[in-house]
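Hi,

Here is the structure I promised to pass on to you. Have a look at it first, and then read on for my notes.

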Amino acid sequence: MLMTQTRDPIVWFNQVSLADIDKVGGKNASLGEMIQHLAMMGVSVPTGFATTAQAYRDFLDQGGLSLRIDQLLDQLDVDNIAQLQVVGKTIRDSILAQPFDSEFIAEIEKAYQRLTSQLGHDFSVAVRSSATAEDLPDASFAGQQETFLNVQGFSNILIAIKKVFASLFTDRAIAYRVHQGYSHEKIALSAGIQQMVRSDCGVSGVMFTVDTETGFDKVVFVTASYGLGECVVQGSVNPDEFYVYKPSLIAEKKALLRKTLGSKHQKMVYTPSGQAENVKIVPVEESLQQEFCLTPEEVEQLARYAILIEKHYNRPMDIEWAKDGKSNQLYILQARPETVVSQKNQGVERYQLTGSGRLLLSGRSIGQRIGSGIVRIIHSPEEMHQVQAGDVLVADMTDPDWEPVMKKAAAIITNRGGRTCHAAIIARELGIPAIVGTNYATQSLKTGDSVTVCCAEGETGNVYEGKIPYQIDEHSVERMPPLAVKIMMNVGNPDRAFDFQRLPNQGVGLARLEFIINRMIGVHPKALLNFNDQTADVKAKIKERMAGYADPVDFFVQKLIEGIGTLGAAFAPKPVIVRLSDFKSNEYAHLIGGARYEPQEENPMLGFRGAARYVSESFQDCFALEARALKYVRDEMGLTNIEIMVPFVRTPDEAKAVIDLLAQHGLVRGKNGLRIIMMCEIPSNALLAEEFLQYFDGFSIGSNDLTQMTLGLDRDSALVAAKFDERNPAVKALIHRAIQVCRAQDKYIGICGQGPSDYPDFAHWLIEEGIDSISLSPDTVIDSWLYLAKHSSVQ
């Protein structure tokens, strides 16, 4: 239903739609659109009404105010911070001093009485700004105007509306319009008066229907914290974060991919009526900080709403939501087009450090770029004029007031904030690397320090001492030349999966489970299975690691599920071959609580590892946890592209024992399409290939260990490292045999060792031998692909 063409100063949300952006602004038009079209599908949006853009224009036309504003803005240089501050304050003061006319006041009072009849007398509203150039697909205007929460009573609503009108001329809003190329006089403001959801005693946050860092569009990214949502939006808390996989959710499978516990140390709540401020910040109890503030079921329900909204708008969306602490109901408060990653071209831009430096601190990375410069610590907006072009801006937190100087910075670092706060959104729009939620940036760094800010190493952003050199590689990957072999990737870090999937590939040839265990868990599985037997010190370390999880064993299994699931989802439906853990005893011993459970071996490389470990009685309870996680990802999440690889199988008897053990845990070859691959990395594997292949669906050649075992070299010894070469004739003879036997039996044959990444001529030889796939390090994929296309013929 379109809004009728009248000069009425107010209109109800359910009377407007996206066709009315010029009348009630992007935010209010979107609220009306959802109420009209998505409420029937279960998406709950709080009721309310909006003042019209025409009412705003009529207000400014009173007494020539509009003309005076235009004159002030015509003479303004927005890059002159001091001048911007003076002009902005002058305009805002003029708006606040001008009274509303009687007709406008009467219409607001009539609408307020209608709300009272619907909601009762005990209610409050949010008064939000909605600009006619806001929430468009090419510009977010995120946080440029003000919002006022917990507004109670008719007179206070009038005051808040006038403050909203004035907020069109905050310093940040004026500067943002100029930088985005929008004319001031062509933009009008609508105030949305919306029923408050009682998230002050509940939970709230923001969600995106794409990954905000990579643009991966098969996930919903949800952030959540206690209390009103302003703390999340402003970046004053580090929220919990969740990823939900859309295809699994649509298929009615388990869809929560991963979750990260935020500190959530404070929240915004209501103040008692009659106080000067409507809201206040209070600390969150420590026990609640150590829990996720949403259940998996609630996260998935929010993701369902997000999918419905995205489908209706037919574009990636940025959505604010709230959970009412009284009713436990989930509401959608706002929805606007996502305007950053969805606007990027489809090429691959990759930043990479080419040097090293001392790590100073870490936080959540925003973007995937690198920047370096001199630290400039800013404690308040009054100090913004100190920021010089190329500085690294460091602050407790930033908000959109800082936008005029943020564009000068080479990088931004904050103590507080999550990946969906205003500072993060603006940093992405400006293409500036930022690290938020470091906790101690303003204490650890000093003005004048030279630092490098690296957001190119995954979800964790790192700040290094000094100016470290880096390189930028740009590639167009829309049309890669055909090859006679499948190019797969070695990907161990789930943090990089959404990024790496953008590279040309046919899946993951090697995903190391030990990488997930080491990075995401860090505790020996025996120490978790026998938690009560650990020392007080070990227990304390484990409890710190497992915060937010039900128990130690659940922590281990869930983290494996998160890592495996993220890799599987990123590359689906392409195969992701997950290698079972292949820690050596000395590596296991370095995990928390591991020393008491591992033998002291003279040569761990040849000792208690791989298949022999899995089938041993002492380790079978640990192996069961790995199997449990793999089964869950395949069966409960529906990620049947996950395949299993067994490393270091010395004999056919070990091969049979492992296959039988996997079957006992419900992982049966061929069931639900499961393929089980064996690492061909011991000379006996190639020499007895026919016998090993009775138990497996193919081989993946581990050229690193195969070279070591064939040539009798310790690859970790600098004394003999120069003789380590996968192209040695003896190694190639074994690889040749493995390939030929697999081809004769029509079974999979690939390679996942380092050799093809280091030596393109070796990769070329493998293609000539008839290998099915070559799995490369992500940083070598494009160059190796182009080299092979140039030197190979497509069969």
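**Notes on the open sheet, the helices and the barrel**

Strands S1 and S2 are paired in the antiparallel sense, with three bridges between them. Val11 has Ala50 of S2 as its bridge partner. Before I go further, please keep in mind that this is a predicted model.

S2 has a second link, since three bridges also join S2 to S5, and these two strands run antiparallel. There, Phe49 stands opposite Ile193 of S5. Is S2 covered on one face or on both? Both faces are covered: Gly48 and Ala50 are buried on one side, and Phe49 and Thr51 are buried on the other. As general background, side chains in a regular strand alternate between the two faces of the sheet.

S5 pairs with S3 as well. Strand S3 (residues 125–131) and strand S5 (residues 189–195) are antiparallel and share seven bridges. One of the pairs to look for is Ala131 with its bridge partner Leu189 in S5.

Put together, these strands belong to an open sheet of five, in the order S1-S2-S5-S3-S4, with antiparallel pairing. Which strands stand at the edges? They are strand S1 (10–12) and strand S4 (147–151); each has a single partner strand, so one side of each has no neighbour in the sheet. Ignoring direction, neighbouring strands of this sheet are turned against each other by 20 degrees on average.

Two helices pack on this sheet, and you may like to display them with it. Helix H1 (residues 21–37) touches S1, strand S2 (48–51), S3 and S5, and its direction makes about 125 degrees with that of S3. Helix H6 (residues 154–166) touches S2, S3, S4 and S5, and the direction of H6 makes about 140 degrees with that of S5.

Next, a helix pair. Two packed helices are described by the angle between their axes and the distance between the axes. For helix H4 (residues 81–97) and helix H7 (residues 171–180), the axes come within 9 Å and cross at roughly 115 degrees. Angles of 65 to 115 degrees count as roughly perpendicular, and H4 and H7 are therefore roughly perpendicular to each other. Their crossing is right-handed. Which residues make the contact? From H4 they are Leu84, Gln85, Gly88 and Arg92, and from H7 they are Asp171, Ile174 and Ala175. By type, the residues of this contact divide into three nonpolar, two polar and two charged.

One residue to pick out on its own is Leu67, which lies in helix H3 (residues 65–74). Is Leu67 buried or exposed? Its relative accessibility is 55%, and the cut-off for exposed is over 50%, so Leu67 counts as exposed. Leu67 and Pro575 are 508 residues apart in sequence, and their C-alpha atoms are 64 Å apart in space.

Further along the chain there is a closed barrel of seven strands, which runs S15-S19-S18-S17-S16-S20-S21 with mixed pairing. Neighbouring strands here are turned by 35 degrees against each other on average, direction ignored. Within the barrel, strand S16 (residues 370–377) and strand S17 (residues 392–395) run parallel and are joined by three bridges. Val375 stands opposite Val392 of S17.

Best wishes

Conventions. Residues numbered from 1 in each chain as written. Predicted model: local features only at pLDDT ≥ 70, side-chain atom pairs only at ≥ 80, totals over all residues. Heavy atoms only, no water. Axes fitted to C-alpha atoms, helices over the stretch in contact; angles between N-to-C directions. Helix = DSSP H or I, 4+ residues; strand = E, 2+ residues; numbered from the N terminus. Parallel < 35°, antiparallel > 145°, perpendicular 65-115°, else oblique. Left-handed = near helix turned anticlockwise from the far one by under 90°. Contact = heavy atoms within 4.5 Å. Nonpolar A, V, L, I, M, F, W, Y, C, P; charged D, E, K, R; others polar. Pairing = 2+ DSSP bridges. Buried < 20%, exposed > 50% of the residue type's maximum accessible area, 1.4 Å probe, protein only.
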